[in-house]
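The following account leads the reader through a protein chain, from its overall make-up to its sheets and helices. Please keep the sequence and the structure in view while reading.

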Amino acid sequence: MTDVRNMRLHSRPSLTPADAEANRWSFALESAGLGVWDSNLTTGQCYYSATWKKMLGYREDELGDSSDLWLTLIHPDDKQRAIESGERHISGETSQIETEFRLRHKDGHWVWVLDRGRVVEWDKNGRPSRMIGVQTDITDQKNAELELTLLNERIQLALDAGQVGLWHFNSETEIVLWDRRMREIFGIGPGPDEVPRATWHNLLHPDDAARAEREIESTFETGEPMKTSYRIIKPDGEVRHVFALARRVRYETMPDMLMGSIWDITEEVLNAEALAREKDLYRITLQSIGDAVLTTDVDNNITFANPAAERLLLLDAQDLIGSRLEDVLNLIDEGTGTTLVSTTSRAMQIGQTVESAENVLFVRADGGRRSLRDIASPLFDLTGAITGSVLVIQDVTSARNLQKELSHAATHDALTGLLNRTAFESAVSSLIEKSGDEAPYALLYIDLDRFKMVNDTLGHAAGDALLKMATSSMNNSLPDSAIIGRLGGDEFAVLLPTSKFEEAEEAAERLIGEIRTIRLPWDGKIQNIGASIGIAALDEPGVTLAEAIARADAACYAAKAEGRNRSAIYNINTGAARQNLASIQAASGILEALSEGRLQVYGQEIRAISNTDDHSICIEILSRMTGANGEIIAPAEFIPAAERFGLMGIVDRWIIQHTLETYGPKLMQMKNVSLAINLSANTISDPTLWPFLQSTIEKTKVSPSRLIFEITETTAVNNYEAAEHFVTEARAAGCRISLDDFGTGLSSFGYLHRFKVDSIKIDGAFIEKLSKSRLDQAVVASIGGIARELGVDVIAEHIEDLQAVDILKSLGIGYGQGFLFHRPQPLQALLQSLEKVEARQS
């Protein structure tokens, strides 16, 4: 096929009658101002009319007549399309050439042309030999189309941005057309533009349907534009709010039409409803809150006042509005009495929220003084300019008074009004720090004598009355410069500004004499008390307050030991004070040992008297403490201190938990070994003891039948109700109970009627000299006989000689414990040795 690019060569063929006819048509086209081209497909020549060249801004003689002339001027993006259009026509695929493309104008811009042409001659073989065409300048049309396209795109963008749906209704055809957005708004999904007329009616909310239909009918009848809103129910049941516009369109040659737009305003409606609710809530809140709220303009004139503001300022809102804030709210500093600049003025000045300073005081018109806390914030308009302020005022008078009361309560004893222990120690430490290493002070530790007896027998009310009277005695007899504190219970401490023992001792004696004069009439009798006082100086470099209190406490304990109602001075060389201090230090060391893991668990075997070589069926759990330097500390050195200072409950719980958690699994693997654990008076008195034990037993899975809890006779006597409750709970769970140190009290046998126990342990004092004392033998025989009658086991303690073993056998005592049988050893080592014995026996 001949390339069309080679067919448009300029040519001047010889004229035949046919050619002359063609030329006449060409001249006619040229006279119409159209661009004409004439291409000889056989020779490849092409003719371009002068009007064609003029269309592109050229003179007739200015352009050559090259065959590829049009290809040199065509826009690159249009070139291939134009070529393919000619080739399809020449090949017979199309009836004519008709295509649009751009040609470059002489001045550089592009001219859009509509190219139309067709084959007009064929050779003898039927092949196309000549084509003639016309090119029309359609640039204006194209620009108009482009502008229309851009306009449509802008309109569509606006509609999309506004989520607007468009529709129209032809009254003659009754066809309804919805665009894509309309279908989305009404939730009917993609589909054709034409929708059934009933679609809109069916989706109207029942409560809004009649009104919406009336309004659209009115618009069609009267021509008045419609502007309304209503609800629709989408096919999925969702209710939406829409805003609708409609207009009647009427042309002479066309039937009437309704055209309209709809957009979804659900969010705006919901937001407006929420805003209305919020405004109503704000209004109700401002009316009901206890805080005063005022707003001002930029000149600080009041523009709003809520009821709380009226109550605070003792003025009605109508009197407040229009007044300057400073005229009705004059604030002063409670500490200095100076007038304060209003927070609203400062807030508007700096453009930020401002809170009031501390201690703001307001003196009301009735003379009342109120403590206030206020916060002001500037108000801005849409341009960011400050238009006024809002002030929120809290009347904190009650809170400030309560704060003062709480502050006093936090540092003072509620009963006596004296400094509490924490506040006393803080005040004393501060003075010591200011005075340096050699503080010129003496510390008095005061313990009331016979107070506990009165408090326990007559009740706490009598005890409280005595404490108040003792406090009055201290305030009367001690100098004003003294700092007095209640450490707890009936214990007090005083810091005297003197470093001389003589002066401190004189002050102590005066106080003892004052307290001796106390007489409390109660229940028809006169109650009195005394005081023992320990004195320690703070003149030794490096002595801390804790050490000084411990020394004074030790001296006080020595004064009690010497007969009470007296004072004693701490002296490191004085035996009693030194021992008491050692006891205090030992108590402190127990807590340190627990925290540092220096408390250890030991065990001592309890064996059958009938065969002392046979190993234990029971192990008594004992405790040992390792000192900071590694030496082993015996129980006799720290248990008394723990009992005196109420620490045995902590120690007992640690022993129970540590023993069962660490050695419980191994214990349950052994056949018949049980553990006997001692419980102190502090521990028995704890109402949470059994729940703690029960939880530990369940956690460690130790069988209750393997546990024996030893209670001393003294503990049972002093804490009878607590001991009875524990014994009942423990035995019900399967644990066993042993009454320890039996025989030491006058009513030992009587308590066997009250307590259901599984065994009794004869106090070691009856066993140590058993072979030499007929009285001890008689006591042991009596205990053994009664135990057999009750069906309980008997265990003898402190067995250290073979003669005692023979006597115990003869008296029918079943079990024994002592150094003769086994010396205490670490529990882990003891269990390992017993495990080996069991392995050999099996």
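Two strands are said to pair if DSSP finds at least two bridges between them. Helices (H or I, at least four residues) and strands (E, at least two) are DSSP runs, numbered from the N terminus. The model is a predicted one, in which local features need pLDDT of at least 70 and side-chain atom pairs count only at pLDDT 80 or more, while totals for chains, interfaces and linings use all residues. Residues are numbered from 1 along each chain as its sequence is written, and side-chain values use heavy atoms, with hydrogens and water left out.

The chain as a whole contains 30 helices and 35 strands. Of its 842 residues, 44% are buried, where buried means under 20% relative accessible area, exposed over 50%, and partly exposed in between (1.4 Å probe, protein chains only). The chain exposes about 44,100 Å², and carbon and sulfur atoms supply 51% of this area; accessible areas come from the Shrake-Rupley method with a 1.4 Å probe, and for residues only the protein chains shown count as cover. A contact means heavy atoms within 4.5 Å. Among contacts between residues at least 6 apart in sequence, 59% join residues at least 24 apart.

A first sheet to consider is open and has six strands in the order 8-7-6-11-10-9, with antiparallel pairing. Strand 8 (194-195) and strand 9 (226-233) stand at its edges with a single partner strand each, so one side of each has no neighbour in the sheet. Strand 9 pairs with strand 10 (residues 239-249) in the antiparallel sense over eight bridges, and lysine 227 stands opposite leucine 245 of strand 10. Helix 8 (residues 206-222) packs on this sheet, where it touches strand 6 (164-170), strand 9, strand 10 and strand 11 (257-264); its direction makes about 150° with that of strand 9. Helix 9 (residues 266-288) also packs on the sheet, touching strand 10 and strand 11, and its direction makes about 120° with that of strand 10. For such angles, axes are lines fitted to C-alpha atoms, for helices over the stretch in contact, and the angles run from 0 to 180 degrees between N-to-C directions.

Further along the chain, another open sheet is formed by five strands in the order 20-21-19-24-25, with mixed pairing. Its edge strands are strand 20 (483-488) and strand 25 (567-569), each of which pairs on one side only. Neighbouring strands of this sheet are turned by 20° against each other on average, direction ignored. Strand 24 (residues 530-537) runs parallel to strand 25, and three bridges join them; glycine 534 stands opposite alanine 568 in strand 25.

What surrounds strand 27 (residues 618-626)? Nine of its nine residues are buried, so strand 27 is largely enclosed by the rest of the structure. In a regular strand the side chains alternate between the two faces of the sheet. In strand 27, Cys618, Glu620, Leu622, Arg624 and Thr626 point one way, and Ile619, Ile621, Ser623 and Met625 point the other way. Strand 26 (residues 599-608) pairs with strand 27 in the antiparallel sense over eight bridges, with glutamine 604 opposite glutamate 620. Strand 29 (residues 674-679) runs parallel to strand 27 and is joined to it by three bridges; here cysteine 618 stands opposite serine 674. Strand 27 and strand 28 (residues 632-633) form a hairpin with five residues between them, and glycine 630 in the turn has a positive phi of about 100°.

Proline 635 is found in helix 21 (residues 635-644) and is partly exposed, with a relative accessible area of 23%. Proline 635 and serine 623 are 12 residues apart in sequence and 6.6 Å apart in space, C-alpha to C-alpha.

Towards the end of the chain, strand 32 (residues 759-762) and strand 33 (residues 793-796) pair in the parallel sense over four bridges, and aspartate 793 is the bridge partner of serine 759. Strand 32, helix 28 (residues 774-790) and strand 33 make a right-handed β-α-β unit. A crossover is right-handed if, with the strands pointing away from the viewer, the path from the first strand over the helix to the second runs clockwise. Strand 33, helix 29 (residues 802-810) and strand 34 also make a right-handed β-α-β unit.
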